[in-house]
Amino acid sequence: MDAGAGIHRSSNPSQFSWIILSRNLLLAYQSFGVVYGDLSTSPLYVYTNTFAGKMQKHQTEEVIFGAFSLIFWTFTLIPLIKYICILLSADDNGEGGTFALYSLLCRHAKFSLLPNQQAADEELSAYKYGPSTQAIASSPLKRFLEKHRRLRTALLVVVLFGACMVIGDGVLTPAISVLSAVSGLQVADNKLTKGELVLLACVILVGLFALQHCGTHKVAFMFAPIVIIWLVSILSIGLYNIIHWNPKIVHALSPHYIIKFFSQTGKDGWISLGGVLLSITGTEAMFADLGHFTALSIRLAFALAIYPCLVVQYMGQAAFLSKHPNSMSNSFYDSIPDRVFWPVCVIATLAAIVGSQAVITATFSIVKQCHALGCFPRVKVVHTSKHIYGQIYIPEINWILMVLTLAVTIGFQDTTFIGNAYGLACMTVIFITTFLMALVILFVWQKSVILATCFLLFFWFIEGVYLSAALMKVPQGGWAPLVLSAIFMLIMYIWHYGTRKKYNFDLHNKVSLKWLLGLGPSLGIVRVPGIGLIYSELATGVPAIFSHFVTNLPAFHKVLVFVCVKSVPVPYVSPEERFLIGRVCPRPYRMYRCIVRYGYKDIQRDDGSFENKLIQSIAEFIQMEAVEPQFSSSESPSLDGRMAVMSINPVQSSLSLMVSEQEILSIDESIQSSRSLTLQSLRSAYDDENPQIRRRHMRFQLPPNPGMDPLVREELMDLIQAKEAGVAYIMGHSYVKARRTSSFLKKLAIDIGYSFLRKNCRGPAVALNIPHISLIEVGMIYYV
């Protein structure tokens, strides 16, 4: 089949190229609604914010021409040159954004601070994405950064600070976009007061956030046409204004006008750069949303539509303002011809909503990725699309964003103040991205230090000038993203700190394998039929909680599996590579380890097949252990950690087990393995209350294989019988407290901050989709 396909492709290269091009053109069309909504609505407020404050004294034609020249060259150098030409090539398995750059760095240099990482993680197919790291193994700078933990921690803090600023964007973008869009009504009807406009904006914002639970995919088909109509509108208006008001504006494409701008405005012009930079807000979305599209499709959309339409619109607005400088406070709406005012006003409002939607969705994704890094409390993640992977909705974050956005809108009531805050947030993210990209050029692309330094200094010089201007506006609203980032950074730090302390406690209080081996295969207690899944964050060793069971319970399950669910520094882990299976003690103990690996963009779905996949994986491991020589000596008591990736198909029969699948038609069938009438009634009630969790029932049988090793057959039979007897999920209900000798700040962070976050976030059992009816929790106090 593959060979035939290859011949077909090579014999029709033009047809194959046309298929690729058509696919990318379709993706480019779709990208308008998701990626470019924010960037394309910037003309609503750029000139208004640029000529605010003391710049009102400099509203001459040359200064307006200079402002356009600044916008043109900023728009060319940062979105076009930096992002479209360079950054889109630095993807992580097709994913973009600051976390993708950080993930690349963690894999090509040992920068990761994630706990329980293993050498087996480096064998993941997604882990090997990009150039080989062998050529830079001896880099002195790389070794220096890897050696100093504080530098690696500083790198993570920089990435998280950028993430906090993106969350700030999620608050500020809806506020400035919707408020700017509805301000057109005040231009048309002077009777409308500012309070009424703010009220209308708040109603639209509440409606926008209330619809988030529906998911982007349900209204996505409307988004692209809205943005395209918007782009055609602003292109037409821009051309009309250039021709009708001042065709000489074309001369302002020359950077000579930038020199004139600063020579006439001086310090006021430098401070006004905080308004100019609003022309590139939304640029980061081109890179962050790369995972939903392709680099070529985003480049096509930007080069063929976004760039020319926005440049012409900014040029037309400048041409209009050069003749009507008194219209600066509502420059966009005043420049619209009267005949098309109302249609454009409606389209502007819709486009603002589209732009806000894209940033809100990106905020959900950022929070999910922070949680994967162990830097954000557990939250409910809802997958809103069956077809588009990665579109998620987080209810708690959605309502927090709504409250903050309404607070910003009502508190500021002015797009100038919100623009100051918005510009600082966006430029900070762009500034951090440049720094991470320089490290990627050096460590991932393996280019020279000189090239990476030139890239860093060139763009940092440009962005640094804009950032310094934005920082000057901190008293006039610029403080908002700094306060929001500080709050979210504090939450992230406390959660990460408490999680690390808890993990280190588990790591240093592991149960001794010698003690377990001394108890014998029965562990000194009665082993009853069934499977016990003991959840822990440890990837090696036996958690301390297990000793509580052995010493306090008279009986325990015949088959024990220590389960560790962890994140790895890749965007996605394929289902074939998700399970890592090993043995904890010699074969008679029937004790196994299963490590379930997820990428930072993976979503843990409750599809009801985890138990079945786990049983099949363990069965495959038992069979492979008996056949392959490197696992034949795994009964040595000194070995705990020799593991193998088990690739299984949850429906098809495997070499070790025959799988039969049937619908759950009655209560008796679904609980036929339960011997207790009380448990049957409880499970029946649970299924009635949770019909969405009822799944197909899978039965396992041994295949007729006379040549199978008797010990292997016996172990597989024990596994099948244990599965039929039932599965119990065992977790620690932990209380984390600071030691009495701890400092005041540590007690404040652990006893108050971390405890508050743990009590108010989702429990680990809910986050891991563990059925409540099968859950056993054991209380344990951690003194860290």
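**Exercises: salt bridges, cysteines and a pocket**

Glu-625 and Arg-583 are both buried (under 20% relative accessible area; exposed is over 50%, partly exposed in between; 1.4 Å probe, protein chains only). The model is predicted: local features need pLDDT of at least 70, side-chain atom pairs count only at pLDDT 80 or more, and totals for chains, interfaces and linings use all residues. Residues are numbered from 1 along each chain as its sequence is written, and side-chain values use heavy atoms, with hydrogens and water left out.

**Exercise 1.** Find the salt-bridge partners of Arg-583 and place them in the fold.

*Solution.*
- Step 1. Apply the cut-off: a side-chain nitrogen of Lys or Arg within 4 Å of a carboxyl oxygen of Asp or Glu.
- Step 2. Glu-625 pairs with Arg-583, with closest N and O atoms 2.4 Å apart. Glu-625 is in helix α24 and Arg-583 in strand β5 (residues 579–583), so the bridge ties parts 42 residues apart in sequence. Helices (H or I, at least four residues) and strands (E, at least two) are DSSP runs, numbered from the N terminus.
- Step 3. Glu-715 also meets Arg-583, at 2.9 Å, N to O. This pair links helix α27 to strand β5 across 132 residues. Glu-715 is buried too.

**Exercise 2.** Which parts of the chain does the bridge between Glu-95 and Lys-601 link?

*Solution.*
- Step 1. Their closest N and O atoms are 2.9 Å apart.
- Step 2. Glu-95 sits in the loop between α5 (61–86) and α6 (98–108). Lys-601 sits in the loop between β6 (591–598) and α24 (610–627). The two residues are 506 residues apart.
- Step 3. Check burial: both Glu-95 and Lys-601 are buried.
- Step 4. Set the pair in context: the whole structure holds 15 salt bridges.

**Exercise 3.** Why does Cys-164 form no bond with Cys-370?

*Solution.*
- Step 1. A disulfide needs two cysteine sulfur atoms within 2.5 Å.
- Step 2. The closest cysteine sulfur to that of Cys-164 is in Cys-370, 6.6 Å away, so it is too far for a bond.
- Step 3. Cys-164 is buried, at 0% relative accessible area.
- Step 4. The search of the whole structure finds 0 disulfides.

**Exercise 4.** Classify the 40 residues that line the second largest pocket.

*Solution.*
- Step 1. A pocket is an open set of points on a 1 Å grid over the protein atoms alone, where a 1.4 Å probe fits, with protein on both sides within 12 Å along at least five of seven lines; lining residues have an atom within 4 Å of a point.
- Step 2. Count by class: 15 nonpolar, 19 polar and 6 charged. Ala, Val, Leu, Ile, Met, Phe, Trp, Tyr, Cys and Pro are nonpolar; Asp, Glu, Lys and Arg are charged; the others, Gly among them, are polar.
- Step 3. Thr-48, Asn-49, Ala-52, Asp-414 and Thr-416 lie nearest the centre.
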